[in-house]
Each structure stands twice: as C-alpha cells, then as structure tokens.
Amino acid sequence: MAHYIDHPLIKSDSIEARLYQQVLAADVLKKGNTMIVAPTALGKTIVATLVAADRLDKVKNSKILVLAPSKPLAIQHESTFKEFLTVPCSSITGAVKTDERVKRWEESQIICATPQTVESDLLKGRYSLKDVSLVVFDECHHGVGSYSYVYLASRYVKESKFNLILGLTASPGSDKEKIKEVCDNLYVQNIVVKTEEDYDVRPYFNPVAIDWVRVKMSSELEKIKKHVDKALKVRLKGLKNMGIIRTVSVNKTDILRARGRVQSAIARTVNPKKECFQAISILSAVINIQHSQELIETQGVVTFNKYVSRLRKKKTKAAKSLIQDPNFGKAIYLAREAEKHGLEHPKLKKVTDIVKKELGQNGQTKLQSERYVKDADQKSSKIMVFTQYRDSLEMIHQKLEKEGIKSAKFFGQASRDGEKGLTQKEQKEIIKAFKIGEYDVLLSTSVAEEGIDIPAVDLVILYEPVPSEVRMIQRRGRTGRKRSGRVKVLITNGTRDEGYYWASINKERRMKRQLIDPEVLEELNSNAIERMENEKRVKVLDPAPKKEELPVVFADTREGNSKVIRHLSEMEIDVKVQAMAVGDYQVSDEVVIERKTAKDFVDSIVDKRLFKQARSLMEEFKRPLIILEGDDLYNGMINPNAIRGSIASIALDFGISIIPTRNAQDTAAMIKRIAIREQSGEKTPIQIRTDKKPVNLWEQQLFIIESLPNIGPVNAKNLLEHFGTVANIINASESQLQEVEGIGKKTATNIRKVVDSKYLYFQNEIKEKNYCRKTEGNLTINLPNLHYVPEYNIFQLQM
C-alpha cells in the first residue's frame, strides 16, 4: 500500500512518500545550495516541490521562483506545482504581457518562469527577488557563459534576505571545467548524484535497454560520397601548399582553427595579401564540403539535395566555386538521379521497419484503419524518432505516411526555407494529440530533447548518434518514465556516426567518474562556498546606495537582449529602459551613445546603415559617441582598409568619437564612466526623444516645449504653468522667460535665438547633397537661392 507525504502545504494523497526523494530534499534544506544530478523520471521536480513546501512553511510570506529554459517547460512546472501544492502558482514567460506578469508575481507564491523574461523584468525594476526564499534552476547545466541563469543567481544572492538555490539536471556535462563553472555561477555548495544503480532508487527506476542498430551505406551513396571526397581533397591540398594546414587529415575543428588563424593574420596586416582572402574562401568551401559529407553519410540524398539548393542561393565565392566544381557537380547530379529513382539512405528503410514491427507487436490495427486510441494509459506503443535535421524529419514523415503510419512533425518556432516554425500553441496541440493516441509516432528535432512532458514513450529511435553526452542523455530520458523503455540508435558503418557514438559514450563515462570523485566534489563545493561568502561579505560591507544617488543611464528597448544592461545594473547604475528614436544609451541631453559590436559595425558598412545612423546621431545630439565593442573587427571577409576608411569617415566627416571596448562588461564600465562625468554637477532631468508622438493635448504641449534648448520635463512644465499656452511661451521676451524658476539668462537667450532665427541649411548637409563644391579655397554654389555666410560658416536660404 502506497504512503503519501503529509505536509500542511501539500495536497493530501498527491505525492508518494519515496525515501530517496525525502532524503534529497532534507539534504538541500540542511546543506544549502545544492545540485541534484539524477536520470530523467526519478522525480527531481518532486524533490523541488518538497523543498519549496518547507521553505514556504518556514519563511512566511516568501515566494519560490522556478526557472526553466523553455516556455513549455515553465508552463509544465506550473501545472506540476498546482497539482501538488495548496498555494497560488502561476507562470511568467515572454508570451505574457508586462502588466499581467507583474500581477502574477505579486499574487503568487510559486512562480514558474523563463530566465530571460525574469531578467528583463528585474532590469526594468518591475519586481525584485528580496522575498524569494528558494530559486530552482531546472536543467541547471545551462548556467554557463552569459546565460540568464548566471545573472539571476548572482542577483538573487545579493538581493534576497534568505536565499537557497537548487539546481536540477540529468547531465551537467563531461568537462570538469564546465561542471566547475556551473557550480561557481550558481553558488552550488553541495552536489548529490543519484543513479539507477543506487539501492534506494532501483525499486522506482524503469530500466532502459539500448540497442545500436548498424546499417551499411548503399553503393549509390558511396559513389556520391567519392566525388565529394575528391572535391575536398583538392582544396585540402591547396591549403597545405599555402601553409594553412600541415596535413590533409583534418576534421571540422581543425578547419575552424585554421580559419581563425587566417582571420587574425588579416587583422594584424595593414595591407593583407590576396592569398589570405583566397585561403578564407577555400576554408569556407571546405566547411561546406565537410557538412555535405556528413549529410550523405548519415542522412541521405534528399537532405543533401536540399542543402545544395540552399548553397545555390548564396552569393559567396566559396559557394559559387563549390557549385561549379566538377567533382562536386558530379555528386550533385548523382544525388538528383538517386532521388528521382527513389534511392535513399538505408536508415530510412530501417527506421520504417522498426516502427512497423513495434506497432505490430502489440496487435494494433492502426496501420490499416483510422481508429485513434483515446486512453493515454492503454498499453499502446508510443514511439519517438529524433533526427538532427528538419529536412530529414520531413523525409521520414513522408515515408511513414506512405506506409499508413500516423506521424507528427515536432520542431522549433523558427521559420526556414518557406516553412513556418511551429507556434507554442501548435506544439502543445501536437503533444496532446500524441498523448491521446492520434499519432503513432512523434518525429522531432532537438527541440524535444529537453523538458517536454511526453510520458510513457516505449521506444525512442535516434536516426543518428550525437557527440554530446548531454544530448544523448536527454534523448534517452524520453523513455522509461512509466514502464521499461527502449532506445535504438542507427549507426552507418565506417562513417561519422561511429565517431559520434564513441564520443558520447566516453564523455558520459567521464562525467560519471568525475561526479563520484570525492576530490573533485570537494574542490567544486569549496569554490562555491568561498564565492558565496564573498558575496555575503560584500552585501554586508557595501550597502547599496539610494537609487536617487545613482548615475542615470537611459537604454533603448532594443538593447534588452544585450548583456550591457545586465552589467550596468551590477555596477550600481539606475538603468531606465525605454524606446529611443536615436542611439542605444543616453546619459545627458547632449551625449548619446550608439553601441556596435565588431560584427554589427562591419555589417552596417556592408548594408550601408553606418553613415545613415551617424548622420542621425549628429543631427539630434551635440556630442554623440560610438562604442565599438570586440577584438575581432578585422576577422571577416571585408578588407581591413575599408573598415579603417569607415572609422576615419565617422571621426572626421561626422565628428563622432569612437571608443573601443573589449566586451559587454567593458562597454558597461565605459558607459558608467561617461554617465558619472556628465552627471557630476547638479542633476537635471534628461530629455529623451522617442518615436512615439504624444496623444493627449497636454502631452503634445510638453513635447513641443521640451524641444527647446536646455528644456527638460521639469522646466517645460514650469513654463506652461507660468505662461498658460505654448504661444505665450514662444512670444515671451528673454526677461519674461527668466521670471520662471529654473530658466536662467543663457537658457532664455538660446530659446529666443531658436525662435527668432531664420531656417538655415548647414554646410555639411549642403555638401552631402552636392549643392556646392570647394576648390583651392573658392566655394561655388550650385543653387541660386543660397548664399554663404562666412562668419557663421553656414548657407542661408533666400526666400
């Protein structure tokens, strides 16, 4: 007879009392910040529920934040916590409107959310983490680099009055350094590893049998691959003769490193040799050929042919030379002929045979009829097929449909090649239909590897192995949840499939060894504890200054996805995010900053955005700046002299200073310095111009008056209250203007100058439009109604 957890916040008879889950929860509550590493279906979410219930019971009026890397998983967690707990639960994702997110945060005690959405809301000051007593990082192996988990953990530790962190994952990775990074970033002090071999887990674990199914490449595919190999060999020999690579026995990683070396050489050279650009083009072609090899070996001619069609649309020299290559061209011809005659990769027949056999084993008649199984618990086989490529997904789908097998395609939200991605609603509907038996097979790309609730999948078929142990574990975890599961992995003999198979196996073994190594665990734990203590020490010794004392930086909403705003908030800056018409960051009425990464700067030269943006900056602000972020400015295909010429033009022709920074953090530090410098004196409100026009009459009046020189929101309001109308302000004399509080003689003079002066065309604009030319000190005007005013260095239009 089953026993259930008895707790005031847990619904009666809802959570089965499993000893190992209770021990894990007690460990977290006793030892502090913990990462639980356990296979899928062992109930890590139940452990999080037990910990959450205890925290809410002990820390009154607190909240629990459960973070998940995808919207479907966040909503799935919301459903789980609602099922088990008696407290208000809700979800927060980017699909929820801003006001509704704030309302849900205020009214709920359990909030399940995507990290990017919470980060954005925190940066915009919509709510805080001070009352959060537990943060659960699901799939916590994402907590590396600049992923939102990293920022949220750091902010939580600094902001919360009573913090506790719980990380959940089935696979933190095989790299010791990555595991250390996750622990360090998420302040993990304790790692607990549970495996299917543990005595207390074994009674609840459904074994998963793995079968490696080998297939042999057909002679047709061998012929196609032979011609592709020849095209590759020619280019590799050329690269070796140029001294770019030492040997023709190279893999994709070697080629990417070689390309990086050539790009660095181009960046270091004032006048790069043509051979450098030639080498870049050849290396790009090699990368394309290596990908083609992989498609032929592991996917088939249909996927290869679709890839070739995309190559034809590219305008690069590498793509054009490849299409025109006689060897590669022969491969293209043979692949087309093979597709015409219905010749495909042997995997396609194998996966079809496996599916047909699986469905026939249970005595089902789905292959002959349209009857759907409506009972999700009925003993009917549910099959998932994973493949890397959407093209292969479509190919398998069509094959199964021809065989009378009902299958559904499941992929991401991004559109590609005219095929729209699936919306979140469509994804839900497909999963629901699969659960109730409307489909026999769910065909999926990597989007379903992590966090999709698909219980009772009996068989998972991997169309190809993947070299990542994390992804292999995630795919395998789709089966064996309610009963014993099986996995079949298709491997083409003598191809990349075999290399990927051994890579994933070895990485998984290494991961398990490291996670049970006492020395490794002690090192990981000690590092996290030290960092945690440092954060607490800083929190105590350096109390945060009041918000009104902080420098103010206005950031454009389009910068929300950059990490600069995150770093600014960490540097004690009052960041205000709103739509801006010009620039990315504004620190005063005169200074606006346009931030460009090295890649964006080069792209804006190519698509001719750069000078349009520079002109807008110059016209709208007295002292505009451009921050150029990154060290890889010259690591592209564009000639470095073209980049240098553009930088010179921005500085000399437009008079805009360019400040280099190394990365997003360095950019944030520079913006902070500029803000402090601009705001070191008496603080005045910063006037922000947006694209949105005022709606109400009084807003329109304020908008007009704020456009006057040195007039911000406060002075505009004072002027309107004093004079009553816009017309009275425009007609007021300097002395009358100075009667208003905050309006000095200089401001009054500038206002009268703007109001009384004739409309003038500036010299730079006239030059750009070829209205004039200057030769040997003599200026020639091409328009009869313009004359030059030398004392002001401007052109005046005669009406």
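Which residue in strand 7 does V37 stand opposite? V37 stands opposite V193 in that strand, and the legends below set this position in its surroundings. The model is predicted, so local features need pLDDT of at least 70 and side-chain atom pairs count only at pLDDT 80 or more, whereas totals for chains, interfaces and linings use all residues. Residues are numbered from 1 along each chain as its sequence is written, and side-chain values use heavy atoms, with hydrogens and water left out.

**View 1. An open sheet of seven strands with parallel pairing.** The strands follow the order 3-4-2-5-6-1-7, where strands (E, at least two residues) and helices (H or I, at least four residues) are DSSP runs numbered from the N terminus, and two strands pair if DSSP finds at least two bridges between them. Strand 3 (89-92) and strand 7 (190-193) are the edge strands, each pairing on one side only. From one strand to the next the twist averages 20 degrees. Strand 1 (residues 34-37) pairs with strand 7 in the parallel sense over four bridges.

**View 2. Helix 5 (residues 115-123) on the sheet.** This helix lies across strand 2 (63-67), strand 3 and strand 4 (110-113), and runs at about 130 degrees to strand 2; such angles run from 0 to 180 degrees between N-to-C directions, with axes fitted as lines to C-alpha atoms, for helices over the stretch in contact, contact meaning heavy atoms within 4.5 Å.

**View 3. Helix 23 (residues 640-652) and what covers its buried residues.** The buried residues (under 20% relative accessible area, with exposed over 50% and partly exposed in between, for a 1.4 Å probe and protein chains only) are P640, I643, S646, S649 and I650. Among the elements that cover them are helix 9 (252-268), helix 10 (274-298) and strand 19 (657-661).

**View 4. The aromatic pair of F611 and F654.** Rings of Phe, Tyr and Trp (its six-membered ring) pair if their centres lie within 6.5 Å, and planes under 30 degrees apart count as stacked, over 60 as edge-to-face and the rest as tilted. The structure holds seven aromatic pairs. F611 and F654 are stacked, at 6.0 Å centre to centre with 20 degrees between the planes. The pair links distant parts of the chain, with F611 in helix 22 and F654 in the loop between helix 23 and strand 19, 43 residues apart. F611 is partly exposed at 29% relative accessible area, while F654 counts as buried at 10% relative accessibility.

Notes
Expected span 1.5 Å × (residues − 1).
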